[in-house]
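Here is a short set of exercises to work through with the model open beside you. Try each task before reading its solution.

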Amino acid sequence: MHFNMILPGLEDVMILKAEEVDGAYHIHIKLPRKKQRCPVCGERTNRVHDYRV
């Protein structure tokens, strides 16, 4: 699937896969890596400790 539609709120993501399943659209995206603050020590890191689906 090739398209150039801009989805509001998802301008900076990479769309990996888009599909329709039982009348619902599923969009699989990848976020760009950026530094976040560690909630434990407060240091800035770009290491990922958890993934969400």
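**Exercise 1. Place Ile27 and describe its surroundings.**

Solution. Keep in mind that this is a predicted model.

- Step 1: begin with accessibility. Ile27 has a relative accessible area of 41%, so the residue counts as partly exposed.
- Step 2: find the element. Ile27 belongs to strand 2, which covers residues 24-30.
- Step 3: look across to the partner strand. Strand 1 and strand 2 pair in the antiparallel sense over seven bridges, and Ala18 stands opposite Ile27.
- Step 4: list the contacts. Beyond its neighbours within four places in sequence, Ile27 touches Leu7, Ile15, Lys17 and Ala18.
- Step 5: check one distance. Ile15 lies twelve residues from Ile27 along the chain, and their C-alpha atoms are 7.0 Å apart.

**Exercise 2. Examine the hairpin of strand 1 and strand 2, and find the residue with a positive phi.**

Solution.

- Step 1: strand 1 spans 14-21, while strand 2 spans residues 24-30.
- Step 2: two residues sit between the strands of this hairpin.
- Step 3: Asp22 is the residue to pick out, with a positive phi near 50°.

**Exercise 3. Identify the residues that make the nonpolar surface patch of about 400 Å².**

Solution.

- Step 1: the members are Leu10, Ile15, Ile27, Ile29 and Leu31.
- Step 2: test two of them against the accessibility cut-off for patches, which is over 30%. Leu10 reaches 31% and counts as partly exposed; Ile27 has 41% and is partly exposed too.
- Step 3: locate Leu10. Its place is in the segment before strand 1.

**Exercise 4. Find the salt bridge, and say how exposed its two partners are.**

Solution.

- Step 1: recall the principle. Side chains of opposite charge can pair when their charged atoms come close.
- Step 2: search the whole structure. One salt bridge turns up.
- Step 3: name the pair. Glu19 and Lys17 form the bridge, with their closest N and O atoms 3.8 Å apart; the cut-off is 4 Å.
- Step 4: read the accessibilities. Glu19, at 27%, is partly exposed, and Lys17, at 44%, is partly exposed as well.
- Step 5: connect this with Exercise 1. Lys17 is also among the contacts of Ile27.

**Exercise 5. Explain why Cys38 and Cys41 are not counted as a disulfide.**

Solution.

- Step 1: take the sulfur of Cys38. The closest cysteine sulfur is in Cys41, 3.7 Å away.
- Step 2: turn the view around. For Cys41, the closest cysteine sulfur is that of Cys38.
- Step 3: apply the cut-off. A disulfide needs sulfur atoms within 2.5 Å, and the 3.7 Å between these two is therefore too far for a bond.
- Step 4: compare with the full search, which finds zero disulfides.
- Step 5: add the surroundings. Cys38 is buried at 19% relative accessible area, whereas Cys41 is exposed at 53%.

**Exercise 6. Summarise the chain as a whole.**

Solution.

- Step 1: count the elements. The protein chain has four strands and zero helices, in the order β-β-β-β.
- Step 2: consider burial. Of the 53 residues, 4% are buried.
- Step 3: consider the surface. About 5600 Å² is exposed, with 53% of it supplied by carbon and sulfur atoms.
- Step 4: consider the range of contacts. Among contacts with a separation of 6 or more, residues 24 or more positions apart account for 0%.

Notes: Residues are numbered from 1 along each chain as its sequence is written. This is a predicted model: local features need pLDDT of at least 70, side-chain atom pairs count only at pLDDT 80 or more; totals for chains, interfaces and linings use all residues. Side-chain values use heavy atoms; hydrogens and water are left out. Buried means under 20% relative accessible area, exposed over 50%, partly exposed in between (1.4 Å probe, protein chains only). Contact means heavy atoms within 4.5 Å. Accessible areas come from the Shrake-Rupley method with a 1.4 Å probe; for residues, only the protein chains shown count as cover. A salt bridge is a side-chain nitrogen of Lys or Arg within 4 Å of a carboxyl oxygen of Asp or Glu. Patches are made of residues with over 30% relative accessible area and no salt bridge: like charges are joined within 9 Å, nonpolar side chains (Val, Leu, Ile, Met, Phe, Trp, Tyr) within 5 Å. Two strands pair if DSSP finds at least two bridges between them.
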